[in-house]
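Trainee: Could we go through this structure together, beginning with how the strands are put together?

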Amino acid sequence: MENSEGVKIESTVVTEEPLISALDIALFVVIITVAYFWYFKRDKQSSSSEKKPYTIQPSSLSSIEQTSNSSFIKKLKSTGRSLVVFYGSQTGTAEEFAGRIAKEGARYKMKGMVAVPEECDMADLVEMKEIQKSLAIFCIATYGERDPTDNAMDFYEWLQNGDADLEGLNYAVFGLGNKTYEHYNEIAIYIDQRLEELGATRVHEIGLGDDDANIEDDFVSWKEKLWESVCSHYGIEETGEESNIRQYKLVDCSEVLPERIFSGEISRLKSYENQRFPFDVKNPYLSKIAVNRELHKSGDRSCMHIEFDIDGSKMRYDTGDHVAVYPKNSSELVDKIGELLNADLDAVFSLLNTDEESSKKHPFPCPCTYRTALTYYLDITSNPRTHIMKELIEYASDPKDQEKLKLMASSTPEGKKEFHEWILRDNRNIVHILEDLPSVKPDLDHLCELLPRLQCRYYSISSSPKVYPKSIHITAVLVNYTTPTNRVNKGVATNLLAQLIPTNDELPQPTIPIYIRRSQFRLPPKSQTPIIMIGPGTGLAPFRGFIQERDYARKEGREIGEMVLYFGCRKKDEDFIYENELQEYVANGTLTKLHLAFSRDQPEKKYVTHLLEQNADELWNIIGEKSGHLYVCGDARSMAKDVHSIIVKVVMEKGQMTNSQALNYVKKMEQQKRYSADVWS
């Protein structure tokens, strides 16, 4: 016979009395099985416990806390809180807004906490009515065209598929979106409507923030009216107490052993020295730069072709996916902050949450040096928001500087105008503010608390795993521009990548942390399906992967459908990227047609949209008569919108439809994943 592990057990039969009875054997098997599982369970727990000192809670309700306290309701009840602010964030802005709302709750006698939907049992929303004067606020971003953020995906699906009775739940929603995208704030709008459908009570109307304009202004205006509605709904009054109390306290860590100090890791201490699969947003893979070459032939701009080595990482990607790159700030800017504040950047410190009940103990991995925090963890190059202006006021010794900060921190029309012109239009970051307001000398630890987290940058993968299973390719334009104050601002990630040039094999190759983010931007399941790809500039990136994949299928002897590419750039002799590759694909038949628009090679500018209008018959033949797929990648602000309008017009004219019918036809294409966009603003 066999035991539970498939190991044969032999028994010897004697004529008198068996030496080992069947019962003995059965008991023996049970004992061995129990011992086996006990040993490996203990080993697993031991390994898990060994990791705990090396991790940091990157979000407000950690998975570790859930083990002992799986319900945010229990957390609210045990700590006497009535306000919970959930956030769905991809870049950190929604998380920041959620924190500000929770903090302000104290002014209205509503003790608040911040929570992440993916780390909570959202079904417990039905129990919110058990807490007196309770309120749930949702700060929810729409990612890309119409997707929830990663940490709100489960909650979104729960709302779609569930039918919970949310009567007694009081709520409000603020959405973060971008008007350059067709489906503006769609996820927040859906959540707001769905909560009401399930019986919840809307305390205040939904707020819609536009990141293409001034999302800070949108948020502040909504937040002020929110608290008015809250006071009216609950019959309460503002206490008048200011809410700019420190959330974290400074801890001197000069005595901490060097091996216990973070040096840039995202979550687990020494994670870059001891890499462990699987790799994700909290555990990126330290990839070697295998190739870094210039794609532009001439001119004053730069476009890089970069290949990340993933051999041995067990990482897998699909054509159309994105790769996230973790950047670091330039040492020049970091040193400038130290100089302006007369601070020792190499001092080791930690910021500890003053709320002992909070599971988010630190704002970023601690302990670390100020240099590490400013280099790897904090965003020092973006435009600071108004709440930072407010917190800087107390550090201004010059009355003029103080008045300027007060004005920009206010919600008056004059204050909003000043903030828009001095911060946003002139593109000032925290370094510029400290330079231009020389009397402002904040404590460095407080500044570290105020600044938002440095976020990873996403790039469309420009390769196919069928052709390049051991590397990931990206196509990135180097970002450098002069601001109205004659300062040169540099893209954090692209300027770092530009410096990572591979050397000969004898020297260590440059590395950078990465992970793969799955995308819905996919080739049709059948290789015979015809497709149209529209990708000017670096919008070509994912289509390079598409073409490689179809070319691989062709070489395997499989039938492939028509592939039509629309590509545009400024000048053929300057920025026609991957020209030789594309011409080769045309020559071997993989690429059926290549439509090119060089906007500045003739007196009148010529764009891909002009070519689309000229080729209406070809467009309709593929997307109408042959039920093909259409893909758009690139600028969302103008190009993607213009393409959408042209497609609707073509469907009207060639499909003989009314405007309403054509819009419905295109919408159905989107629902069927026959019209896909991978765009950015």
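Mentor: Two strands are taken to pair if DSSP finds at least two bridges between them, and helices (H or I, at least four residues) and strands (E, at least two) are DSSP runs numbered from the N terminus. The model is predicted, with local features needing pLDDT of at least 70 and side-chain atom pairs counting only at pLDDT 80 or more, while totals for chains, interfaces and linings use all residues. Residues are numbered from 1 along each chain as its sequence is written, and side-chain values use heavy atoms, with hydrogens and water left out.

Trainee: OK, how many bridges join β12 to β13?

Mentor: Two bridges join them, and the strands run antiparallel; Phe 349, for instance, has Cys 368 in β13 as its bridge partner.

Trainee: And what is the strand order in that open sheet?

Mentor: The order of the three strands is β8-β12-β13, with antiparallel pairing. The edges are formed by β8 (248-252) and β13 (368-369), each of which pairs on one side only.

Trainee: Switching to the interior, which residues have the most contacts inside the largest nonpolar core?

Mentor: Those are Phe 364 and Leu 374, in a core of 41 residues. A nonpolar core here is a set of buried Ala, Val, Leu, Ile, Met, Phe, Trp, Tyr and Cys residues joined through side-chain atoms within 4.5 Å, where buried means under 20% relative accessible area, exposed over 50%, and partly exposed in between (1.4 Å probe, protein chains only). Among the elements that each supply at least two residues of this core are α8 (331-340), β12 (348-353), α9 (370-377) and α14 (444-450).

Trainee: What is Leu 374 in contact with, leaving aside its neighbours within four places in sequence?

Mentor: Taking contact as heavy atoms within 4.5 Å, the partners of Leu 374 include Val 334, Ile 337, Leu 345, Leu 444 and Cys 448. There is also a second, separate core of 30 residues, which includes Ile 534, Leu 619, Ala 640 and Met 669.

Trainee: Leu 619 sits in α20, right? Which residues of that helix are buried?

Mentor: Leu 619 is one of them, along with Ala 616, Glu 618, Trp 620, Ile 622, Ile 623 and Gly 624. Helix α20 (residues 616-625) is thus mostly covered, with seven of its ten residues buried, and just after α20, Ser 627 takes a positive phi of about 55°.

Trainee: New topic: what does the salt-bridge count come to?

Mentor: The count comes to 44, a salt bridge being a side-chain nitrogen of Lys or Arg within 4 Å of a carboxyl oxygen of Asp or Glu. One of them joins Lys 282 to Glu 119, with the closest N and O atoms 3.5 Å apart, and this pair links parts of the chain 163 residues apart.

Trainee: Is Glu 119 buried or exposed?

Mentor: Glu 119 counts as buried at 8% relative accessibility, whereas Lys 282 is partly exposed at 35%.

Trainee: Which residue does Asp 318 meet in a salt bridge?

Mentor: Asp 318 meets Arg 522 (3.6 Å, N to O). Asp 318 lies in the loop between β10 (303-309) and β11 (322-325) and Arg 522 in the loop between β18 (511-517) and β19 (531-534), so the pair ties together parts 204 residues apart in sequence.

Trainee: And which residues are linked in a network of salt bridges?

Mentor: The network links Lys 336, Glu 339, Arg 425, Asp 426, Arg 428, Glu 435, Asp 436 and Arg 487. Within it, the side chains of Asp 436 and Arg 487 meet at 2.8 Å, N to O; Asp 436 is partly exposed at 29%, while Arg 487 is buried at 17%.
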